[in-house]
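Trainee: I have a structure to look through before our next meeting, and I would love some company. Could we go over it together, one question at a time?

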Amino acid sequence: MDRAEATGFGVAVVGHVALLAAIALGLFHATVPPQPQDAIEVSFAEDVALTSSSPTPMAQPPAPSDAPELGAPEEAAPAPAPVPTPTPQPTPREAAPAPARERAPPQPQAREQPKANPRTTRETRDRRRPEEARNGRGERNRGTRLADLNLDGLGRDPSPSRAQASPGATMSTQAAANIAQAIARQVQPCADRQVYPGPGAERIVTSISLRLNRDGSLAGRPRVGTQRGLDDENRRYAERVADLAVRSFVECAPLRGLPQELYDVPRGWSNFTMNYRMPG
Amino acid sequence: MRNINVRIARIVTAFCSLLIGTAAMAQTPAEQPAGQEGQDEGQLVVDVTGGQRAALPIAVPYMPTPQAADTAAGNTEALGRQVADIVATDLRNSGLFTPIGPGGLQPVSFPQVTAPNFPYYSTTGAQNLVQGFVQANGNGSITVGCYLYDVAARTELTRQGYVVQPRDWRRAAHRCADTIYSRLTGEGAYFDTRIVYVSETGPARRRVKRLAIMDYDGANHRFLTNGQFTVLTPRFAPNQQTITFMTYEGDRPRVMLYELDSGQTRPLVQQPHMTFAPRYSPDSRYIIFSMAMNGNTDLYRVPVSGGTPQRLTNTPGIDTGGSYSPDGRQIVFESDRSGSQQLYVMNADGSNQRRISFGGGGYATPVWSPRGDLIAFTRTGGFRIGVMSPSGSGERMLTSGGAEGPTWAPNGRAVMFTRGLSSGQLWYVDVASGTTRRVPTPLGGSDPAWSPLRD
């Protein structure tokens with residue numbers, strides 16, 4: 001060992017001792033990492049929000065709709081059956097009256113109302129009493145603009161827009177994940193009831209296509225699509241697992257509480273695919 | 001020093017290359033994610049995982065008759081109740097179902113057989129529903145109708161009708177249960193089968209052992225031999241025309257053949273040597289058996305019609321308990337050539353013999369599953385029934401101690417065996433779930449052999 005090597009060796013030894021000392025001191029001052037708080041439930045989405053949830057932004061608000069009371073936009077109530085008028089029309093030369101006028105004689109309440117806004121179309125306005133103005137489900141019709149009422153302090157500036165859609169009525173990735181979770185939550189109890197047929201059945205993933213009505217009920221029989229994970233051991237269970245996939249959904253239908261505005265937008269819940277598998 | 005630097009530089013370069021290579025491998029795209037293949041990209045996708053390992057609740061109400069009529073097996077109204085009882089019992093025996101009814105359920109009218117009262121059955125907790133009818137035909141036969149429904153989906157899953165002679169009404173019920181079982185489990189059927197076994201009675205030193213045959217559930221029991229000679233190891237021919245077994249007739253163990261139609265018995269081979277442990281080939285044309293000759297016991301094969309036995313093994317020791325694979329290409333057998341009883345697999349011509357079991361305590365009576373995926377055996381240390389793959393992997397035990405002599409149900413899902421080495425009872429176990437059931441026998445029983453599904 002020559003001098004240079006001895007020097008290098010000595011430096012290395014000193015360095016190692018210093019390193020060990022530093023680590024040992026560091027250990028004395030080691031702090032216990034804080035215990036994690038209660039687990040927070042998270043969900044995994046395969047996509048992140050790379051697309052805008054409002055890809056067609058509008059500077060103007062949507063066009064107003066008329067109704068006696070303010071409320072969220074809804075479907076129009078079905079037209080009531082025409083009721084024959086008790087008295088014939090005095091002016092036969094007049095054109096055929098609109099059905100709305102034929103249905104019922106004018107009510108006193110309607111006459112007492114202030115003069116109608118000339119910009120509204122008389123034929124489409126419901127002139128029945130407010131308590132009669134109900135939709136098919138027996139609920140009052142509601143609109144986004146107060147009609148026929150002059151209320152001080154409430155803005156009545158009409159919007160020049162003709163767009164009917166809400167600016168945000170597009171399925172964002174986050175909304176899709178939320179809806180998928182909401183559906184999965186409702187289907188889960190029924191999925192848990194399905195009985196495991198045999199070894200290897202847990203490897204089968206069955207896709208079923210589902211069409212729903214707006215009320216969350218099935219619009220048609222679920223259609224069994226592809227099955228993945230089939231092998232020689234579990235092929236015998238393929239039909240049964242397909243049954244169980246359909247049962248999982250059908251038993252818990254109709255679904256409730258899904259957002260109406262995301263029903264028939266692209267990737268909406270009117271049509272979706274459910275992948276079902278049994279736990280391993 | 002320069003050389004050292006060069007060497008270090010090379011090492012660093014190689015290390016970096018290794019790292020880069022590893023990173024590149026890590027970036028190699030893995031298999032396509034299973035969840036997205038073949039699905040519409042523009043559609044909402046919901047993933048649901050759920051299920052339970054439990055018995056399936058299934059409603060089995062009494063079966064009505066369109067018109068009560070007397071038959072050779074009784075009134076059709078009574079038959080409808082009995083058929084429903086058998087269907088429910090079969091399903092319960094499988095260990096995979098919890099039948100609801102027949103007692104306690106609302107009576108079913110004949111028109112309701114095809115239009116079930118689904119709202120009512122959904123209140124019973126049943127996931128599926130079996131309905132049916134029994135109808136007397138003009139020609140003396142009866143028709144048993146069998147319908148399976150999904151209560152939640154309100155759909156019919158399958159339906160079958162069986163036209164049988166009144167004496168075969170139990171078979172019609174078993175076949176109805178088979179239809180339900182197969183549709184709801186995906187497995188093959190096994191209720192319409194028979195068992196041949198050794199019926200035992202009397203004290204241990206003077207035990208009378210008779211060959212007996214019965215339905216899988218113990219019904220239609222009858223004896224095939226009178227007990228004059230002790231019999232052992234009966235086996236069903238896959239074509240169900242003959243049964244082979246070993247008898248001590250004349251104090252000399254030898255393999256016999258019993259013809260089921262005629263009831264006649266004859267020796268399998270005309271040999272002065274001791275022959276035993278017979279079993280059929282899957283095509284019913286051959287029987288493999290053991291023969292002790294010149295102090296060595298080997299496996300032989302002989303046509304069922306008779307002829308000269310063909311020797312398959314020739315190693316020193318006792319080679320016995322041969323059982324064909326379902327495709328007939330391989331044979332599993334037990335041998336003590338290594339010093340203890342172990343399992344071996346060979347080609348059907350005796351070539352390529354290889355050991356597949358290596359546990360202590362010994363292995364005996366191997367039987368290849370009709371599916372081909374498993375071999376059942378008796379673990380002689382403690383006498384437990386187990387299964388393993390044909391390669392010897394995945395060994396697991398199905399029973400506790402005191403069990404031996406496994407035989408497979410034709411669907412390869414259940415194994416019957418003898419429990420209680422002294423008293424002798426027949427039991428079977430569901431291979432997947434491990435649930436066991438006892439098969440009732442009028443006397444003690446041992447050495448069961450399960451028949452194939454009846455034609």
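Trainee: Let's start with a helix pair: which handedness does the crossing of α2(B) and α4(B) have?
Mentor: Happy to, and keep in mind that this is a predicted model. The axes of helix α2 (residues 76-93) of chain B and α4(B) come within 9 Å. Where α2(B) and α4(B) cross, the crossing is right-handed.

Trainee: How is α2(B) oriented relative to α4(B)?
Mentor: The two axes cross at roughly 45°. Angles from 35 to 65 degrees fall outside the parallel and perpendicular classes, so α2(B) and α4(B) are oblique.

Trainee: How many nonpolar residues are in the contact of α2(B) with α4(B)?
Mentor: From α2(B) come residues including B:Leu79, B:Val83 and B:Ile86. They meet residues of α4(B), among them B:Trp169, B:Ala173 and B:Ile180. The contact also has one polar and two charged residues, while the nonpolar ones number twelve.

Trainee: Now the two chains: which element of chain B gives the most to the side that touches chain A?
Mentor: In this contact, 29 residues of chain B face 43 residues of chain A. The elements giving two or more residues on the chain B side are β1 (44-49) and α4 (169-185). With six residues, the one that gives the most is β1(B).

Trainee: How many charged residues does the side of chain B that touches chain A have?
Mentor: Sorting that side by class gives eleven nonpolar and eleven polar residues. The charged residues there number seven.

Trainee: In which sense do β5 of chain A and β1(B) pair?
Mentor: Strand β5 of chain A covers residues 271-277, and six bridges link it with β1(B). Within this pair, A:Tyr276 stands opposite B:Val48. The sense of the pairing is parallel.

Trainee: Chain A has a helix pair too; how are α4(A) and α5(A) oriented to each other?
Mentor: Helix α4 (residues 173-193) and helix α5 (residues 238-252) of chain A have axes 8 Å apart. Residues of α4(A) including A:Val187 and A:Pro189 meet residues of α5(A) including A:Phe249 and A:Cys252. The packing angle is about 120°, and therefore the two helices are oblique.

Trainee: What handedness does that crossing of α4(A) and α5(A) have?
Mentor: The residues of this contact divide into six nonpolar, two polar and one charged. As for how α4(A) passes α5(A), the crossing is right-handed.

Trainee: Back in chain B, how far apart are the C-alpha centres of domain 1 and domain 2?
Mentor: The domain assignment of chain B gives domain 1 as 56-185 and domain 2 as 194-450. Their contact takes six residues from domain 1 and seven residues from domain 2. The C-alpha centres of the two domains are separated by 36 Å.

Trainee: Which strands are at the edges of the sheet β20-β21-β22-β23 of chain B?
Mentor: This is an open sheet of four strands with antiparallel pairing. Over four bridges, β20(B) pairs with strand β21 (residues 330-335), and B:Ser323 has B:Val332 as its bridge partner. The strands that pair on one side only are β20 (319-324) and β23 (354-355).

Trainee: One last question: in the sheet β24-β25-β26-β27 of chain B, which residue stands opposite B:Phe377?
Mentor: Here again the sheet is open, with four strands in antiparallel pairing, and its edges are β24 (363-368) and β27 (396-397). Five bridges join strand β25 (residues 375-379) to strand β26 (residues 384-388). Opposite B:Phe377, in β26(B), stands B:Gly386.

How values were computed
Residues are numbered from 1 along each chain as its sequence is written. Chains are lettered from A and ligands numbered from 1 in the order in which they are written. This is a predicted model: local features need pLDDT of at least 70, side-chain atom pairs count only at pLDDT 80 or more; totals for chains, interfaces and linings use all residues. Two residues are in contact if their C-beta atoms, placed from the backbone, lie within 7 Å. Ala, Val, Leu, Ile, Met, Phe, Trp, Tyr, Cys and Pro count as nonpolar, Asp, Glu, Lys and Arg as charged, and the others, Gly among them, as polar. Two strands pair if DSSP finds at least two bridges between them. Axes are lines fitted to C-alpha atoms, for helices over the stretch in contact, and angles run from 0 to 180 degrees between N-to-C directions. Angles under 35 degrees count as roughly parallel, over 145 as roughly antiparallel, 65 to 115 as roughly perpendicular and the rest as oblique. A crossing is left-handed if the near helix is turned anticlockwise from the far one by less than a right angle, and right-handed if clockwise. Domain bounds come from an automatic or database domain assignment.
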